[in-house]
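Welcome, and thank you for taking a look at this structure. Let's walk through it together, one part after another.

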Amino acid sequence: DCLDLLDAIAAQYPDGCFDMVLGDPPYFLSNGGSTCKSGERVSVNKGHWDKSCGLRDDLKFTRAWLRRCQRVLLPGGTIWISGTHHSIHLVGYVLQRLKFRILNDITWEKLNPPPNLACRQFTHSTETLIWAARDEGTDHIFNYDLMRRINRGSQMQSVWRMNAPAPDEKVFGDHPTQKPVALITRCLLAATCEGDWVFDPFLGSGTTAIACLRNRRRFVGIDRNNSYLDIAAARIRAESGRGTDLFASKSEKPPPSELLLRDLTVAA
């Protein structure tokens with residue numbers, strides 16, 4: 001449970017220990033509806049973990065995990081949270097209540113979204129990522145020049161057009177809310193440096209881990225679902241077999257304690 005472990009991390013690192021948090025929390029959209037997948041009508045339900053418990057409890061949960069993430073961020077650290085209209089406005093409200101400094105809201109535009117079967121709304125073709133600094137009084141990393149180079153010499157804007165995860169990102173199993181490696185990679189490159197520590201409280205199939213491995217960032221990830229952790233561990237093993245190393249950086253930051261190492265979602 002990320003709440004329990006975050007409390008333990010904060011107790012051991014009262015001044016913070018992570019340069020970035022990447023959170024892909026439940027969207028609370030498993031409401032019994034349907035969507036289109038591969039030309040067929042399928043349920044939108046992802047699992048019990050994605051069901052809304054009502055506004056009051058959803059707010060309580062959102063505040064609980066964001067407050068704990070704020071405690072483990074270093075003073076110059078930032079957080080990215082993804083969501084749809086089912087959850088992202090609640091996230092934004094809580095961030096402001098906790099006095100995070102919202103830096104951007106990024107719109108991820110999906111290039112081939114599923115059609116709207118009910119024909120009573122516009123087709124849902126975007127997700128939102130909120131990027132926020134830990135508090136108002138600290139500076140944060142933004143690799144502006146790199147983002148400009150990636151964008152072919154122009155300032156990068158806040159609408160990112162990217163495909164959903166490719167089939168080769170799902171060879172070890174399917175996760176219902178998996179994000180593309182390219183999306184997470186851009187977040188990492190924008191706001192961290194090599195050797196920085198990245199934390200994912202809802203690791204899922206391990207996309208954050210893969211993006212960190214490929215870009216020489218170090219990570220800690222947590223998930224409660226063993227089947228998803230199996231997928232993440234298989235992806236990490238395969239990626240590590242290509243010569244990447246979780247702890248290859250020569251950063252002078254101290255290594256994590258035994259507590260953190262025990263909870264890394266990496267197979268020995």
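Before we compare two helices, it helps to know how their directions are described: an axis is a line fitted to C-alpha atoms, for helices over the stretch in contact, and angles run from 0 to 180 degrees between N-to-C directions. Please also keep in mind that what you see is a predicted model.

With that in hand, turn to α5 and helix α6, which spans residues 207–214. Their axes come within 9 Å and cross at roughly 55°. An angle from 65 to 115 degrees would count as roughly perpendicular and one under 35 degrees as roughly parallel, so α5 is oblique to α6. The crossing of α5 past α6 is right-handed. If you would like to find the residues that meet here, look for V181, I184, T185 and L188 on the α5 side, and for T207, T208, I210, A211, C212 and R214 on the α6 side.

How much of α5 is covered? Most of this helix is, with nine of its 11 residues buried. Among them are L183, C187 and L189, along with A190 and A191. V181, I184, T185 and L188 are also on the buried list, and these four take part in the meeting with α6.

Now look at the loops on either side of α5. In the loop between β7 (159–162) and α5 (181–191) you will find H175. Its relative accessibility is 7%, so H175 counts as buried. A polar atom of the H175 side chain lies 3.0 Å from the backbone nitrogen of T177. The loop between α5 and β8 holds D196, which counts as buried because its relative accessibility is 8%. Here a polar atom of the D196 side chain lies 2.8 Å from the backbone nitrogen of C193.

Next comes the sheet. Seven strands make up an open sheet with mixed pairing, and their order is β7-β5-β6-β4-β1-β8-β9. At the edges are β7 and β9 (218–221), each pairing on one side only. From one strand to the next, the twist averages 20°.

At the β9 end, strand β8 (residues 197–200) runs parallel to β9, and four bridges join the two. Within this pair, F199 stands opposite V220 in β9. Helix α2 (residues 55–72) packs on the sheet, where it touches β1 (18–23), β4 (73–83) and β8. The direction of α2 makes about 150° with that of β4.

How values were computed
Residues numbered from 1 in each chain as written. Predicted model: local features only at pLDDT ≥ 70, side-chain atom pairs only at ≥ 80, totals over all residues. Heavy atoms only, no water. Buried < 20%, exposed > 50% of the residue type's maximum accessible area, 1.4 Å probe, protein only. Polar contact = N/O pair within 3.5 Å; in protein donor to acceptor, adjacent residues only side chain to side chain. Pairing = 2+ DSSP bridges. Contact = heavy atoms within 4.5 Å. Parallel < 35°, antiparallel > 145°, perpendicular 65-115°, else oblique. Left-handed = near helix turned anticlockwise from the far one by under 90°.
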